[in-house]
Amino acid sequence: MAKRPLSGEPYVGFLLPATLLVCGLFLIPIGQLVALSFGGLEAPTLRWYEQVAATDSIHRILLTTFRIVGLTTVIAVVLGYAVAYAMAHMGERQRLALLLCVLVPFWLSVLVRALAWLILLRNNGIVNEALLGSGLIAAPLPLVRNELGVVIGMVHYLVPYAVFPIFATMRGLDGRLMMAARSVGASPFRTFTDVYLPLTLPALFGAGLLVFVFGLGFFVTPAILGGGRVVMLSEYVSISVLQTLRWGLAAALSVVLLVATLALIAIVSRVTGVRRMLGAS
Amino acid sequence: MDLRGWARPMIFAVAWVIALFLLLPGLVTIPVAFNDSRFIALPQGAWSPRHFETLFTSAPWLSSIADSLGVALASTVLAVCLGTACAVGLWRVRPWLAGLVGAIMLAPMIFPPIVSALALYRAWVAIGLYDTWAGVVLAHTILAIPYVIIAVTTSLSMLDGRLEQAARSLGATPLRTMVDVILPNIRTGVATAAVFAFVVSWDEIVVTMFVSSRAVYTLPRRMWDGIRESVDPTVAAVAVVLMALTALGVLAAIVVTLRRPARNT
Amino acid sequence: MTRSTFNDDLVEIAADELRAGRLARRDFLKVLGAAGLLPAVGAGLGTLPFGSSPAAAKAAELVLCNFGGDAVAGMGEAWGKPFTADTGIPVRVDGGSPLAGKIKAMVESGSVSWDVCDGDGFLCNQLGKQGLLEEVDYGVVDKSLVRDGWAWPHGIANYTYSFVLAYRKDMFPDKPPTYADFFDTAKYPGKRTMWKYQMGAMEACLLGDGVKRDALYPADLDRAIAKARSLGDDVIYWESGASSQQMFLDGEVVMGNIWNTRASILERDTKGAVTWTWNDGVFCPSSFVIPKGNPAGSEAAQKFMASMLDPARQIKLLQLLGNGPSNPAASAMLPPELRRIDPGYADNVAVQAIRSEEWYEMNYDAAVERWIDGISG
């Protein structure tokens with residue numbers, strides 16, 4: 001197709017305000033930080049990237065991060081899908097009650113949630129005391145101050161972020177499609193797998209992407225619920241920024257994170273129709 | 001879709017179990033907020049409203065609530081306007097442009113907050129936005145825009161593009177098309193976007209700590225102090241109040257919805 | 001989520017004290033005055049430059065930046081108010097967390113909004129050597145008022161704190177535990193806690209591994225990490241001062257290497273069920289610094305730095321926040337109940353290690369990263 005001039009794009013103007021804001025007041029500052037990751041303009045260097053590539057501990061932290069965030073994403077999206085599905089197909093009263101349950105914790109500060117999980121899950125916490133009291137277990141289960149605690153806390157935070165986009169899509173689905181499928185004799189299960197699931201898949205992957213990138217930025221939750229022994233990338237970056245003044249390293253790690261995330265988006269969009277999520281038609 | 005037999009009640013039951021899981025930490029904060037001691041703990045004996053009294057009589061807490069509300073409302077309005085327009089633009093422009101701009105707009109969400117915080121801090125100090133209302137609102141707006149775009153785009157992806165073409169072919173300008181045709185069809189998405197934007201701002205702590213110090217002191221910063229510096233149960237009282245307000249809001253919505261005759265099922 | 005250094009933590013106590021109503025009742029200065037000590041001390045200290053010169057009087061206000069929380073009110077009360085009374089310059093305390101990175105960015109952008117910043121001892125050398133700080137004018141600030149070695153070219157110690165071994169009294173009714181006991185999980189079952197960010201924890205590990213407290217530096221970090229790992233699941237790491245307190249209050253841990261400010265609050269709040277020993281503590285200085293190009297000008301800031309060494313004001317800070325005086329003269333004139341909580345009181349210093357600012361200046365960055373890596377996973 002021949003390239004038209006941009007003026008042939010009537011909607012370009014819609015992009016401008018947000019783009020200007022984000023470019024001018026976010027990307028330029030970030031760009032200055034990225035310049036730092038290459039040692040600044042005066043003395044360009046790749047030493048921070050060499051350090052990222054050569055340091056075992058950074059590899060371990062990257063692995064831990066992607067493992068925990070990946071696991072969290074899968075769980076959060078599956079739970080979110082179930083809740084969204086139920087919400088989309090319930091009667092009005094039930095739906096609103098369920099919506100209430102999803103919305104209320106949405107407003108709970110990430111700090112308060114972490115504290116609450118500690119009260120619930122620690123060795124002498126409510127859950128363990130209840131289990132011990134009922135005789136189900138003989139010794140407290142290690143539910144928190146480890147990776148399990150981090151996953152529980154993160155899933156809890158991220159489920160609502162998965163519910164809303166999926167629910168919005170399910171609400172918008174044309175119910176007649178499913179009725180048509182049923183009327184030509186498809187079983188409920190087949191209708192679900194062959195019609196409903198594919199239709200909601202973009203939203204599912206969109207939600208997964210949202211939850212994943214959001215999870216990558218977490219560190220209050222891992223810091224408090226991990227008991228000090230679960231260190232994720234964001235926390236490591238914060239240490240480089242705040243404790244050790246290695247802004248170059250922090251910037252280089254951020255660039256690595258960004259590239260990895262964009263690559264992931266590209267892969268996911270190949271596999272599914274998720275390109276639509278990013279606006280391409 | 002209509003699942004029959006066992007599947008439907010089972011999925012509903014699963015959803016309710018998940019809902020309980022989501023409510024659990026909130027439920028725990030209620031007794032903590034009413035405990036009678038100076039510590040964050042479950043009440044040992046009598047329940048007491050003392051932490052609520054602290055919350056509603058102390059000037060610092062009250063001014064932080066006001067700061068947070070102001071910042072969150074302003075940045076939500078800004079982010080929803082800019083983000084929705086951008087998402088509609090992305091939906092209609094050519095793929096390469098949409099891909100490029102889309103990637104740019106997602107950046108504030110993808111970068112770890114700590115990195116954004118550092119970058120914005122340096123920029124805000126340099127251009128005089130440091131520790132100003134405008135600075136905090138702009139920072140939150142930037143952070144919220146990606147969420148708005150994703151929510152609206154999700155909604156748009158369900159919309160038939162021919163609708164827009166039809167409107168345009170009848171001579172409507174892009175703006176008219178947006179207001180009269182597109183917006184009414186993506187209301188759910190825009191509402192979701194507003195909720196996201198508000199929560200992003202309301203709960204934002206990392207960037208806020210970097211770009212503000214004295215002039216703007218949001219609620220999360222106050223809570224951060226309350227949790228990190230002292231074992232202050234007022235934080236639990238804040239949480240309970242916020243949950244109660246949310247619950248009231250949703251309940252109001254329920255009442256309004258139920259009074260309205262059901263249009264469809 | 002962000003760093004929590006000791007400085008973050010100058011806190012809690014002031015508000016707690018105010019809430020509990022202890023602050024007003026126990027104005028220590030009155031005690032001193034009644035004992036006739038104040039005039040003598042004032043004379044002994046010689047020339048504290050509190051007079052207002054025309055240049056200093058021109059400064060519209062002075063901004064002291066610290067790490068927020070109750071230290072905002074505490075430092076305002078102990079240092080800000082008397083300085084304003086002396087000079088007429090209002091002092092505002094800004095809890096904006098003057099992290100080294102923030103100071104650096106401010107100075108480099110040429111728009112500095114802080115006059116005096118609170119930081120850890122060795123930080124003033126790290127920043128000073130990058131040319132980001134005003135030199136301390138030792139014609140105005142009397143360096144003889146602080147311990148030898150705690151007055152650096154770009155900063156001076158204005159308060160002190162310690163990492164101490166806190167423990168449950170019922171577990172050690174007769175004598176306090178040692179760091180050997182800390183690592184003996186067979187004999188003393190239960191979880192322990194240490195700071196996640198290396199400091200204090202590394203020293204605790206080395207002491208537990210048999211290193212003498214005067215031979216801690218240069219520190220063998222790998223040995224410390226190996227010792228920390230030997231605790232397995234019996235150690236949880238605290239990451240904010242309040243969380244170290246909370247762990248004891250909740251009964252999650254039986255021993256911990258925590259800040260002395262937190263230990264003394266714990267002792268009070270638990271009515272002695274949790275207490276601490278100064279033995280083998282690690283005694284550390286703060287350093288206050290003046291970013292280059294500070295708004296109120298160098299002269300006013302230097303005078304403010306000097307005024308903070310005044311014993312009465314430092315004792316006030318000890319009462320409010322639990323941070324010890326950096327001026328040994330102040331420690332020497334404490335009444336018994338305050339001696340107990342002052343990390344710098346002679347008897348307490350005698351049994352503690354003194355943190356090596358030189359070692360931390362050179363090694364801190366790499367040490368934190370290796371420590372975090374060592375204890376995680």
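**Strands of chain C and the contact of chains A and B**

Strand S7 (residues 191-195) of chain C and S9(C) pair in the parallel sense over three bridges, where strands (E, at least two residues) are DSSP runs numbered from the N terminus and pairing requires that DSSP find at least two bridges. This is a predicted model, in which local features need pLDDT of at least 70, side-chain atom pairs count only at pLDDT 80 or more, and totals for chains, interfaces and linings use all residues. Residues are numbered from 1 along each chain as its sequence is written, while chains are lettered from A and ligands numbered from 1 in the order in which they are written.

Trainee: Which residue in S9(C) does C:Thr193 stand opposite?

Mentor: S7(C) runs parallel to S9(C). Within S9(C), the residue opposite C:Thr193 is C:Gly256.

Trainee: What is the bridge partner of C:Val164 in S9(C)?

Mentor: Strand S6 (residues 159-168) of chain C is joined to S9(C) by five bridges, and the two run antiparallel. In S9(C), C:Val164 has as its bridge partner C:Ile258.

Trainee: Why is strand S9 of chain C largely enclosed by the rest of the structure?

Mentor: A residue is buried if 20 or more other C-beta atoms, placed from the backbone, lie within 10 Å of its own. S9(C) spans residues 253-259 and is largely enclosed because its buried residues number seven of the seven.

Trainee: Which helix gives the most to the side of chain B that touches chain A?

Mentor: The contact, counted where C-beta atoms placed from the backbone lie within 7 Å, takes 88 residues from chain B and 87 residues from chain A. With 16 residues, the helix that gives the most to that side of chain B is H1(B).

Key
Two residues are in contact if their C-beta atoms, placed from the backbone, lie within 7 Å. Helices (H or I, at least four residues) and strands (E, at least two) are DSSP runs, numbered from the N terminus. A residue is buried if 20 or more other C-beta atoms lie within 10 Å of its own, exposed if 12 or fewer, and partly exposed in between; C-beta atoms are placed from the backbone.
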